[in-house]
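Visitor: Hey, got a minute to walk me through this one? I'd like to start with a helix and then look at how the chains meet.
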Number of protein chains: 2
Amino acid sequence: MEKYRGLSPAEFFHRNREMAGFSNPVRALYQTVRELVENALDATETHGILPEIRVEIKLDEERDNLVHVTVADNGIGIPLTEVPNVFGRVFYGSKYVIRQTRGTFGLGGKMAVLHAQITTARPIYVKSSTEEESVVHEYKLYIDIGKNIPHIVSLKLRRKGRRWHGTVVSIVTEGAWSLARRRIDEYIRRTALIAPYATIVYRTPEGEVVYERASKKLPPPPQIGKHHPRGVDIEILKTLIRSLGEDMPLKDFLRKYFEGVGEKSAVDFLTWAGFDPSTPVRSLRISDLEKLASAMKKYGKWRRPRPITLSPLGADLLKEGAKRILEPEFVEAVTRPPASYGGHPFIVEAAIAYGGKIEPQNSPLLLRFANRMPLLYDEGADVSRKIVDSIDWNIYKVKFPAPIAVITHVCSTKLPFKSVGKEAIADVPEVEKELEIAIREVARKLRLYLSRMERLHEVKRKEITIRKYIPEVSRSIAYVAGVDEKLLERKLVEILEKEIKKRGVAVNAPVPQAA
Amino acid sequence: MEKYRGLSPAEFFHRNREMAGFSNPVRALYQTVRELVENALDATETHGILPEIRVEIKLDEERDNLVHVTVADNGIGIPLTEVPNVFGRVFYGSKYVIRQTRGTFGLGGKMAVLHAQITTARPIYVKSSTEEESVVHEYKLYIDIGKNIPHIVSLKLRRKGRRWHGTVVSIVTEGAWSLARRRIDEYIRRTALIAPYATIVYRTPEGEVVYERASKKLPPPPQIGKHHPRGVDIEILKTLIRSLGEDMPLKDFLRKYFEGVGEKSAVDFLTWAGFDPSTPVRSLRISDLEKLASAMKKYGKWRRPRPITLSPLGADLLKEGAKRILEPEFVEAVTRPPASYGGHPFIVEAAIAYGGKIEPQNSPLLLRFANRMPLLYDEGADVSRKIVDSIDWNIYKVKFPAPIAVITHVCSTKLPFKSVGKEAIADVPEVEKELEIAIREVARKLRLYLSRMERLHEVKRKEITIRKYIPEVSRSIAYVAGVDEKLLERKLVEILEKEIKKRGVAVNAPVPQAA
């Protein structure tokens, strides 16, 4: 007889921690640092606070495979009563709203806790306080895996001396620092580049690096938004209708609960879809909801979602980032207008850098970012790699081996990651399409640049040839016509330079600005 | 103020269905078929039943993007009372034991149900009966996502006429058949090849293909096993100790609850690790458990886990499969001895095929299998790809472009998949090591074959040269020595052929048998 039973969510993720990126001691340490840093950034920039992050990595004095990871932030803090569940219960958190954050389900932090406790048996340490609270609270806790509830080992309360708010998390976990170090260094470096408004103090056994903030300008924080009508599903409709305080006509339901729907667009759509706009929503049957969801997906006239829930980097900052990391000779970036998939708005940004310090390779170097997080692993499974590999770069005058780098950045209220480990973005058709448009758009600018460079080189080549013959020509003419050789030579050079300048300017004028 | 709340597991996976491979209508349809076929095979071969599987795909008559998928098996069936939870509750199933199965957490089936209901609003249909039951039960049900409980739409019971047992599942889901078709055809074809004891009837809008079983020999089904001591973690120890009916000395605990541990090896290990073998387990503190788990991982003298929980294909069957799919000129396979990671035993098999109908390519073609499942997606993220790409194939006399294919098969009671979609195996160090050994082992045989082929070609080349000169040489000698030219020529050819044969045999003798 087969035995059937249930499993707690914590038990599930304990058994399947590879899914969240905790597959070996190198990766687990990388993932632990990453989850804590991303939580710290979410607790600050998302709420309009200029981030001050401290990341500290220390090796255990007794056992060399134990690593102490501490991440401190000046964020909004976690209320006293919420700390245990936020760190000690899988599927509990504050990130289940429509807003761009680095963390997607608050699962990563718990996976780091799970990994620590199954490898070292030590509880984690959390110190936190919100602006409103008058005390600082310090917890030591772990997860009761079988029951998926937090187990509190100790709780200390201290009255606050100054108005501190923020969170400090300290985890002792099994990890291979010497092997993970290079990746973690790179991760912090790229994070500092994509968040130039953050000050990050990064202390490791090898020393301290301080990334001072380069700008005090914080991009406008994302707001909490509503679903976009294109691509909602029946479940979302059911959940929304169930949560209504009172029944209402269909048109009001659409207007109030969906992004970018007004009185007129609601009525237009409902008429098109064959619904009476005044039908009370609660009278709809499941088959009506299917028809409604399907029509909402297909309707071609919805406004594009406003990007209020999103916080893209912007083409300029992306170019700045590319220049700093890659030091190329050419760089161009684009931010696409907002689009949506499955009711979630997203914005795609892409950049191409060429030449300079980029090493020539047989296919473009790819740098991927998602919600301002650098993605370092699983490139082969990412939709960006798929697109870059499918493009015929000959069209854009790129001949391999070529010194070319493609940078992609996808912002969304829900990134379609392939796994809980947040490393590869799935090939959702809408995202794939936008990424391809963005990459091709900057690739066309690269082609312009490369063909102009070609022409410039052509002119240069001719100039060199002509210049070489000027003295001889001058000498011959001077001899035949009896004019002053030097004067003639000067004149000819003048004419040449004027022509070159004309062509040079004509060639240069619309060249996309080089780095 | 941030709002915190919990999420049901069904809600979590509804929001994150890309993680389980349901990222677009093409992939979703592929994944739905795959999950149902794998459940069908698990319900049969795992229990010693020769599988008879029927897979039927029909397009909806009204809406062209709706697909009806039906999979029927002659397996053990699901008891009346278990059907609702097995299909309608995330984190519930029968697969949470130590035994090799295709399905890993029973999650895939629920994801197929979730995808169907959010795209079509139709319940799924399940008909089942176990051998013991006297009725056949037919359910229509869906998942209440917010509560993660099954919602039963209808239940019919019928008395059984004959002793039928098995399960039929029918799902109406959104999918793009025309685009998914090639992958699904390929998936079924490869499944039929790796399960030659199964009869699979595959009916699609394009017609019917019947894969008749090629053999009535079912490999010995895997048994339910115990944890292996190497690599258990503190949580596993805690769970086992908590589940004990009565307290017992440490040595008995190890002997009874771990794979391959006897009285003597338990005492040897405990003495080595600094524990008193007679300590009652319930008196151990967390810090003791940490020390114990850590020592169990490090101890070098555990027996390798017996492969009773596993059911590898075997080198012969793997070679047969490779011959049938690839029609190569050379094929060699190896099954490695069992190993373990994190307390889970695994066996790695690998094969290399060369020449014949394999197209020359710039890197080896890779065919991946895991627990007898073909893996078709996300090759770039898989540990096998990583190894194949890291090998310097020059060592093995392979010069690209070359007609070479590498086949890998990992069997385990818990495959370290990177995502719930079960497509890429994570780079767990133990698995990576075994895979590399296996691939290099068959690669060495390929080198032997290739260098012998080289020598054969050398001999052949010489033969051709010599043969060309024999008539002329014969003519000259005949003229000088006055002997019969034709006789001399025959003699010389005889000598040549004898020599060639000698060398040919010497060259051929230890060549690994060609396909």
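Guide: Sure. One term before we start: the expected span of a helix is 1.5 Å times one less than its number of residues. Also keep in mind that this is a predicted model.

Visitor: Okay, so how far does helix α10 of chain B reach from its first C-alpha to its last?
Guide: That helix covers residues 315-326, twelve in number, and reaches 16 Å, close to the 16 Å expected at 1.5 Å a residue.

Visitor: Which residues in α10(B) are buried?
Guide: B:Leu317, B:Leu318, B:Lys319, B:Gly321, B:Ala322 and B:Leu326. Yes, a lysine is on that list.

Visitor: And what do the buried residues of α10(B) pack against?
Guide: Within chain B, they pack against helix α5 (177-194) and the strands β11 (330-335), β13 (344-354) and β16 (404-412).

Visitor: What follows α10(B)?
Guide: B:Glu327, with a positive phi near 45°. There's a positive phi just after α4(B) too, at B:Ala121, about 65°.

Visitor: Since you bring up α4(B), how many of its residues are buried?
Guide: 14 of its 14, so to speak a mostly covered helix. From first C-alpha to last, α4(B) reaches 20 Å, close to the 20 Å expected.

Visitor: Switching topic: how many residues does each chain put into the contact?
Guide: 53 from chain B and 53 from chain A. On the chain B side, the elements that each supply at least two residues include α4 (107-120), β1 (5-6) and α9 (286-298). By type, that side of chain B divides into 25 nonpolar, 15 polar and 13 charged residues.

Visitor: Which strand of chain A is joined to β1(B)?
Guide: β4 of chain A, residues 92-93, through two bridges, and the strands run antiparallel. A:Tyr92 has B:Gly6 as its bridge partner there.

Visitor: What rotation superposes chain B on chain A?
Guide: One of 180°, with 0.1 Å of shift along its axis, giving an RMSD of 0.3 Å. That is the relation of a two-fold axis. In chain B, the C-alpha nearest that axis belongs to B:Gly380, at 2.1 Å. The same surface serves both copies, as 98% of the contact residues of chain B recur in chain A.

Visitor: Last one: which residues have the most contacts inside the largest nonpolar core?
Guide: A:Ala350, A:Ala351 and A:Ala353, along with B:Ala350, B:Ala351 and B:Ala353, in a core of 219 residues.

Visitor: What does A:Ala353 touch?
Guide: Leaving out residues up to four places away in sequence, its contacts include A:Leu326, A:Phe330, A:Val331 and A:Ile358.

Note on methods: Residues are numbered from 1 along each chain as its sequence is written. Chains are lettered from A and ligands numbered from 1 in the order in which they are written. This is a predicted model: local features need pLDDT of at least 70, side-chain atom pairs count only at pLDDT 80 or more; totals for chains, interfaces and linings use all residues. Two residues are in contact if their C-beta atoms, placed from the backbone, lie within 7 Å. Helices (H or I, at least four residues) and strands (E, at least two) are DSSP runs, numbered from the N terminus. Ala, Val, Leu, Ile, Met, Phe, Trp, Tyr, Cys and Pro count as nonpolar, Asp, Glu, Lys and Arg as charged, and the others, Gly among them, as polar. Two strands pair if DSSP finds at least two bridges between them. A nonpolar core is a set of buried Ala, Val, Leu, Ile, Met, Phe, Trp, Tyr and Cys residues joined through C-beta atoms within 7 Å. A residue is buried if 20 or more other C-beta atoms lie within 10 Å of its own, exposed if 12 or fewer, and partly exposed in between; C-beta atoms are placed from the backbone. Copies are superposed by least squares on the C-alpha atoms of residues with pLDDT of at least 70 in both.
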